[in-house]
Amino acid sequence: MRIAFKGVPGSFSEDAALKAYPNCETVPCDEFEEAFKAVELWLVDKAVLPIENSSGGSLHRNYDLLLRHRLHIVGEVQMTVNLCLLALPGVRAEQLKRVLSHPQALSLSDNTLTGLGVTRESVDSTAGAAQFVALNELRDAGVVASARAANIYGLNILAERIQDDSDNVTRFLVLARDPIIPRTDKPFKTSIVFTLEEGPGVLFKALAVFSLRGINLTKIESRPQRKRPLRVVDDSNTGSAKYFDYLFYIDFEASMADTRAQNALGHLQEFATFLRVLGCYPMDTSV
């Protein structure tokens with residue numbers, strides 16, 4: 001099985017792909033959209049992409065790509081992230097003048113880097129930083145990346161678990177061309193996106209369709225619609241007003257094979273102006 005991911009070998013996204021499919025062949029991509037297109041063009045079987053981090057929040061770019069492309073979510077991977085401080089062999093932490101990494105990795109290890117008194121330099125990926133330092137033999141530069149990146153690029157691990165929050169978890173989605181068949185014999189999660197008309201209590205009504213049926217929501221995210229970001233509403237009392245037009249992304253704990261989920265979405269469809277099921281997939285309960 002061929003799995004696309006964004007970054008270079010040794011990235012956390014590749015770690016997530018190997019956790020989900022230990023015997024897979026991983027295929028690096030330069031951009032998130034390239035990974036989506038690789039699946040659509042049958043160049044790979046699936047893609048694994050990060051969607052949210054317990055400290056850094058959601059990756060909004062990937063929410064937008066989920067809507068733009070017609071791939072299906074067929075799985076999730078939750079992974080505890082172990083950020084390591086890496087350097088060339090023989091280099092000690094006190095010799096470092098700068099540290100390179102992805103902006104989020106630098107932010108998540110703020111306390112350690114502040115203690116070292118180093119300059120921080122943002123690059124496109126954690127593993128890409130490790131590759132750059134190794135290829136250019138930069139003895140004044142450290143890297144925040146994974147232990148596997150250290151092994152791949154011949155760097156030493158100066159310190160492990162340097163993240164400020166020890167329980168730092170990143171959630172990844174597995175995307176494929178075709179959906180999987182929902183089941184009820186193990187925990188499933190369903191992801192949807194929808195839009196609503198403007199009005200008082202409309203979002204409350206949308207959320208109530210799940211509460212009324214005892215369905216637990218695990219995620220709600222809103223994103224302005226790119227094609228019509230503003231809606232002008234005429235009000236006889238106050239004149240015209242402009243509102244952002246939002247897409248709502250929701251994850252809930254129920255399989256589409258469950259009649260509760262079917263009835264909830266049927267109810268939501270009565271007043272949602274747009275509704276799409278992004279995927280129904282087994283929950284990752286390993287973290």
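Questions on a predicted model

User: Which strand holds Asp251, and is Asp251 buried or exposed?
Analyst: This is a predicted model. Asp251 lies in strand 16, residues 246–252. Its relative accessibility is 6%, which is under the 20% cut-off, so Asp251 counts as buried.

User: With which side chains does the side chain of Asp251 make polar contacts?
Analyst: Residues that Asp251 touches beyond four places in sequence include Lys189, Asn216 and Tyr281. Arg171 and Ser191 are also on that list. The side chain of Asp251 makes a polar contact of 3.1 Å with the side chain of Arg171, and another of 2.6 Å with the side chain of Ser191.

User: Which residues touch the most other members of the largest nonpolar core?
Analyst: In soluble globular proteins, nonpolar side chains tend to be buried together. The largest nonpolar core here has 42 residues. Those touching the most other members are Leu83, Val144 and Leu155.

User: How many residues are in the other core that lies apart from the largest one?
Analyst: The largest nonpolar core has 42 residues. Apart from it lies another core, with Ala35, Ala38, Tyr63 and Leu173 among its members. The size of this other core is 24 residues.

User: Which elements are included in what covers the buried residues of helix 2?
Analyst: Helix 2 spans residues 32–40, and its buried residues include Phe32, Ala35, Phe36 and Val39. After the helix comes Trp42, with a positive phi near 65 degrees. The cover over the buried residues includes strand 1, strand 2, strand 3, helix 3 and strand 11.

User: Why are the buried residues of helix 6 on the same side of the helix?
Analyst: In helix 6, residues 126–136, the buried residues include Thr126, Ala127, Ala130 and Ala134. An α-helix has 3.6 residues a turn, so residues three or four places apart point the same way. The buried residues of helix 6 are on the same side because they cover an arc of only 155 degrees around the axis.

User: Which backbone nitrogen does a side-chain oxygen of Ser125 reach at the start of helix 6?
Analyst: Past the other end, just after helix 6, Glu137 takes a positive phi of about 50 degrees. At the start of the helix, the side-chain oxygen of Ser125 comes to within 2.8 Å of its partner. That partner is the backbone nitrogen of Gly128.

User: Which backbone oxygen does the side chain of Gln163 reach?
Analyst: Gln163 lies in the loop between strand 10 and strand 11. At 6% relative accessibility, Gln163 counts as buried. Beyond four places in sequence, Gln163 is in contact with Val81, Asn82, Leu83, Leu108, Ser109 and Asn168. Its side chain reaches, at 2.8 Å, the backbone oxygen of Val81.

User: What feature does UniProt place at residues 2–177?
Analyst: Over residues 2–177 the chain is 33% helix and 33% strand. The end C-alpha atoms of this stretch are 13 Å apart. The unreviewed UniProt entry gives the feature as "domain: Prephenate dehydratase".

User: Where does pLDDT stay under 50?
Analyst: The chain averages a pLDDT of 91, and 93% of the residues score at least 70. One stretch stays under 50, and the model has 22 contacts beyond four places in sequence for it. That stretch is residues 229–237.

How values were computed. Residues are numbered from 1 along each chain as its sequence is written. This is a predicted model: local features need pLDDT of at least 70, side-chain atom pairs count only at pLDDT 80 or more; totals for chains, interfaces and linings use all residues. Side-chain values use heavy atoms; hydrogens and water are left out. Helices (H or I, at least four residues) and strands (E, at least two) are DSSP runs, numbered from the N terminus. Buried means under 20% relative accessible area, exposed over 50%, partly exposed in between (1.4 Å probe, protein chains only). A polar contact is a pair of N or O atoms within 3.5 Å; within protein, one must be able to donate a hydrogen and the other to accept it, and residues adjacent in sequence count only if both atoms are side-chain atoms. Contact means heavy atoms within 4.5 Å. A nonpolar core is a set of buried Ala, Val, Leu, Ile, Met, Phe, Trp, Tyr and Cys residues joined through side-chain atoms within 4.5 Å. UniProt positions are given in the numbering used here, feature names are shortened, and annotations may be inferred rather than shown by experiment. The arc is that of the directions from the helix axis to the C-beta atoms. pLDDT is the predictor's confidence in each residue, from 0 to 100.
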